[in-house]
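User: I am new to this structure and would like a close look at how its helices pack together. Could you take me through one part carefully, step by step?

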Amino acid sequence: FKWITAVAVLVLVQGCATGPSANPADPLEPFNRTIFSFNDKVDVAVVKPVASVYRELTPKLVRTGVTNFFGNIRDVWSVVNSALQAKPQQAFENLFRVTTNTVFGVAGIFDVASEMNIPRHSADFGQTLGYWGVPTGLVLPVLGPSSFRDTVGTVVDFNGNLLTRTSDVGFRNTVSAVGIVNVRATLLDAGDLLEQAALDKYSFARDIYLQRRSSMISPARPEKEERFDLPEGAQSAPADSAPETPAPVIVPSAAAAPPSAATASPAAN
C-alpha cells in the first residue's frame, strides 16, 4: 500500500510540475527547482558549516585516511556491480583492491592498491540498471542530484553497504555521519566554484550530473572521470565507460552528497 501511495504522489507531482514553461529535457523542472532551492538552503545552513569546521580541525592525513576507509567499503559493492554488469576484469581488479587495502592498508585506511597501480572501477546499482537499459526518470527530494533510476539504485546500494549491516545502530549512524561530512568537506572548493561560475546553479548542476552519470554507464571507450572521492592531490581515475545519450532527468540538490555517503557518493577528502 505504501508503494502504491508513493507512486500516486509521484504521478500527481509530475502532473503539477509539467506544463508549457517546463524545460523539454527536464519535464519536472518547476518542482525540482523548488527541491533544489530547499536542499541548497539546508546545505548552507547546516551541512557546509559543519564540513568547513571539520576540514579546519582535522589534519589532512586523517581526512585522507577517512576517505580511503569509505572508498574501500564502496569498492566491495563495486565488485558486485561490476560482476552484474558482466565486466569480469573490472570485478577482479576491484576485488584485488579490496583484499589488498583491507589486509595491507589496515582496513582500507591506507590506499596501498593505488600505490600498486591497481585501478579502481566505481560501480553502483544505478549504473548497473543503466548499463542494462533502464531509463532515467523522476527524482525524489533531499537525496541530492539523482534520477529515479539512481534513486532506486541508491536503495539497493544502501542495503549492500557493509555499514548498514552493522547491528550497533549508534556506531552505524556515527560512522555514516562522518562519511557524509567528509564528502561535503571534499566538495567545499567545488561548491565555491559553482557559486562563482554558474548563473543558474540548478541548470549547471543538472547538466554536469547528466554528463557524469551517462559517461559512467555506456560500455564504450574509457574516458577520464572527474572524481571528488579521492584524497587531495590524487589524479582522476579513468571512467569505465563513455557517454550515452542523456535521458531526461532532474536534479533536486545543489550540494553533491554521495548517494550514499554511507554508500558515497559519493567518499571524499
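Analyst: In this predicted model, helix α2 and helix α10, the latter spanning residues 201-215, pack with their axes 10 Å apart and at an angle of about 100 degrees. Because angles of 65 to 115 degrees count as roughly perpendicular, α2 is roughly perpendicular to α10. On the α2 side the contact is made by Glu29, Asn32, Arg33, Phe36 and Asp40, which meet Lys201, Tyr202, Ser203, Ala205 and Arg206 in α10. Sorted by class, the residues of this contact are 5 charged, 3 nonpolar and 2 polar.

Helix α2, which covers residues 29-57, also gives two or more residues to the largest nonpolar core, as do α3 and α8 (169-186). That core has 9 residues, namely Ala51, Tyr54, Val66, Phe70, Ile73, Leu163, Val175, Ala185 and Leu188, and its largest share, 3 residues, comes from α3.

Helix α3 (residues 60-84) in turn packs with helix α4 (residues 88-104), their axes coming within 8 Å and crossing at roughly 160 degrees. Since an angle over 145 degrees counts as roughly antiparallel, α3 is roughly antiparallel to α4, and the crossing in which α3 passes α4 is left-handed. Here Asn72, Asp75, Val76, Ser78, Val79, Ser82 and Ala83 in α3 meet Gln90, Ala91, Asn94, Leu95, Arg97, Val98, Asn101 and Thr102 in α4, a contact of α3 with α4 that has 7 polar, 6 nonpolar and 2 charged residues.

Key:
Residues are numbered from 1 along each chain as its sequence is written. This is a predicted model: local features need pLDDT of at least 70, side-chain atom pairs count only at pLDDT 80 or more; totals for chains, interfaces and linings use all residues. Side-chain values use heavy atoms; hydrogens and water are left out. Axes are lines fitted to C-alpha atoms, for helices over the stretch in contact, and angles run from 0 to 180 degrees between N-to-C directions. Helices (H or I, at least four residues) and strands (E, at least two) are DSSP runs, numbered from the N terminus. Angles under 35 degrees count as roughly parallel, over 145 as roughly antiparallel, 65 to 115 as roughly perpendicular and the rest as oblique. A crossing is left-handed if the near helix is turned anticlockwise from the far one by less than a right angle, and right-handed if clockwise. Contact means heavy atoms within 4.5 Å. Ala, Val, Leu, Ile, Met, Phe, Trp, Tyr, Cys and Pro count as nonpolar, Asp, Glu, Lys and Arg as charged, and the others, Gly among them, as polar. A nonpolar core is a set of buried Ala, Val, Leu, Ile, Met, Phe, Trp, Tyr and Cys residues joined through side-chain atoms within 4.5 Å. Buried means under 20% relative accessible area, exposed over 50%, partly exposed in between (1.4 Å probe, protein chains only).
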